[in-house]
Amino acid sequence: MSEQDNILKLKAMIEASDNIVFFGGAGVSTESGIPDFRSETGIYNTVHKYGCSPEQILSHSYFMRKPEIFYDFYKTTMIYTDAEPNDAHKALARLEAMGKLKAVVTQNIDGLHQKAGSKAVYELHGTIMKNYCMKCGAPYDLEYVIQSDGVPRCEKCGGMVKPDVVLYEEGLDDTTIRKSVKAIAEADVLIIGGTSLNVYPAAGFINYYQGNKLVLINKSETPYDVKADLLIHDSIGKVLKACVPED
Ligand code: CNA
């Protein structure tokens, strides 16, 4: 199918539905200037100075063992305070405001969907916006983490402050899982985009979809390409902007 046919088909699916769910990942935010993990320009290919993989550094055991290196990596490669929502985030927020999109289920931790105006956002891997003291539970915002020299410490009890992001080796939040699975299972149209579908258990949640309008928009191939009813290998910002008119 031509690029134009794909856009027309997706447009028709969106027009006909008021129960769309979006499932996305790091590729949704690359057009905002935040690198993903697995693209050629992604963090896995560009960060070598730490002598171990980003997956190792972003694990719970590494965080506990070497918090100084964890925070050096985390602050320089995972936090982008100047990033703004791009055409993909904005189109999804418009779809929700139109009453068509029921939820955004995201693996991203950057908070850009909310910044674009989306309300029903299920953050499977948590968010950089929230942080808490591991000892007394006191909450801290992103600014506190950025401003701290090295490892942020609780000003009340001196405990180590941890980002509310799900590190490798950690489990996902039960409530977020339940809401995400319910939204996907009940969806009429499931749009998946900007994710390599390599990170589990998150990627497996799309198997709860029961409909026959599974749309996959991703620049590179994924293990789920064969399951897509509509497969678009292109920029997610460009495709969603073309399918969701601004007014
Ligand atoms: P990934 O494994 O890096 O895959 C990203 C996918 O997106 C790749 O297949 C790319 O081809 C594709 N892609 C990149 N840019 C675009 C684009 N503009 N349009 C369409 N497709 C594009 O990332 P996943 O999300 O699949 O992996 C899950 C990890 C990445 C989660 O744990 C995230 O927390 C983590 N992550 C999040 C962010 C963020 O919050 N912005 C950034 C980097 C990593």
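**Exercise 1. Find which element gives the most to the lining of the second largest pocket, then describe that pocket.**

Step 1. Strand 4 contributes the most, with three residues. Strands here are DSSP runs of E with at least two residues, helices are runs of H or I with at least four, and both are numbered from the N terminus.

Before going on, a word on the model: it is predicted, so local features need pLDDT of at least 70 and side-chain atom pairs count only at pLDDT 80 or more, while totals for chains, interfaces and linings use all residues. Residues are numbered from 1 along each chain as its sequence is written, and side-chain values use heavy atoms, with hydrogens and water left out.

Step 2. Now list the lining: Tyr 122, Glu 123, Leu 124, His 125, Gly 126, Thr 127, Lys 130, Asp 164, Val 166, Asp 173 and Thr 176. Strand 3 (121–123) and strand 4 (126–133) are the elements that give two or more residues to it.

Step 3. Sort the lining by class: three nonpolar, four polar and four charged residues. Ala, Val, Leu, Ile, Met, Phe, Trp, Tyr, Cys and Pro count as nonpolar, Asp, Glu, Lys and Arg as charged, and the others, Gly among them, as polar.

Step 4. The space in this pocket is about 180 Å³. A pocket is an open set of points on a 1 Å grid over the protein atoms alone, where a 1.4 Å probe fits, with protein on both sides within 12 Å along at least five of seven lines; lining residues have an atom within 4 Å of a point. The volume is the space filled by probe spheres set on the points, which are joined across faces, edges and corners.

**Exercise 2. Work out which side of helix 9 is buried and which is exposed.**

Step 1. Helix 9 spans residues 174–186. Its buried residues (under 20% relative accessible area with a 1.4 Å probe, protein chains only; exposed is over 50%, partly exposed in between) are Thr 176, Ser 180, Val 181, Ala 183 and Ile 184.

Step 2. These residues sit on the same side of helix 9 because they cover an arc of only 165 degrees around the axis, taken from the directions from the helix axis to the C-beta atoms.

Step 3. Turn to the other side of helix 9, and you find Asp 174, Arg 178 and Lys 182 exposed.

Step 4. Finally, look for the cover over the buried residues: it includes strand 1 (20–24), strand 2 (101–106), strand 3 and strand 7 (189–193), with contact meaning heavy atoms within 4.5 Å.

Note on methods:
Expected span 1.5 Å × (residues − 1).
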